[in-house]
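Biologist: Hi! Could you pull up the model so we can chat through it?
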Amino acid sequence: MTRAAVHLIIKNVFKGTAEQIRTRDPAQEMRAQQIERASAHWLRHTAGSHMANNQIDLRHVRDNLGHESLNTTNRYLHSTDDARHQDTERHHKIGW
């Protein structure tokens with residue numbers, strides 16, 4: 001199967017998902033539009049982030065994604081930013 005064929009299959013799945021979202025709840029239009037913009041590349045980044053943030057050895061993530069350098073793979077690490085944000089939210093709130 002070619003890359004183009006895989007791309008079309010994935011785009012059709014996302015398009016169908018967006019149509020289902022609209023059918024079930026028209027108020028979810030923004031979510032439907034976001035799903036329509038998704039792609040195989042988006043899935044690749046999501047998978048890379050998930051692997052990196054779940055303590056899979058970054059060398060394995062690098063190899064799974066076909067990166068030459070760990071510096072490229074490091075971009076997929078979001079857990080530190082997420083933890084910092086959650087900690088800030090938890091301890092630095094304005095009591096309005």
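Modeller: Sure, let's start with phenylalanine 14, which is buried at 11% relative accessible area (buried is under 20%, exposed over 50%, partly exposed in between, with a 1.4 Å probe and protein chains only). This is a predicted model, where local features need pLDDT of at least 70, side-chain atom pairs count only at pLDDT 80 or more, and totals for chains, interfaces and linings use all residues. Residues are numbered from 1 along each chain as its sequence is written, and side-chain values use heavy atoms, leaving out hydrogens and water.

Biologist: Which residue forms an aromatic pair with phenylalanine 14?
Modeller: Tryptophan 42 does, edge-to-face, at 5.7 Å centre to centre and 80° between the planes. Rings of Phe, Tyr and Trp (its six-membered ring) pair if their centres lie within 6.5 Å; planes under 30 degrees apart are stacked, over 60 edge-to-face, the rest tilted.

Biologist: And is tryptophan 42 partly exposed or buried?
Modeller: Tryptophan 42 is partly exposed, with 43% relative accessibility.

Biologist: New topic: where does histidine 67 lie?
Modeller: Histidine 67 sits in the loop between α4 (58–65) and α5 (70–73); helices here are DSSP runs of H or I, at least four residues, and strands are runs of E, at least two, numbered from the N terminus.

Biologist: What is histidine 67 in contact with, beyond its sequence neighbours within four places?
Modeller: Leaving those neighbours aside, Arg44, Arg62, Thr72, Thr73 and Tyr76, where contact means heavy atoms within 4.5 Å.

Biologist: How buried is histidine 67?
Modeller: Its relative accessible area is 14%, so histidine 67 counts as buried.
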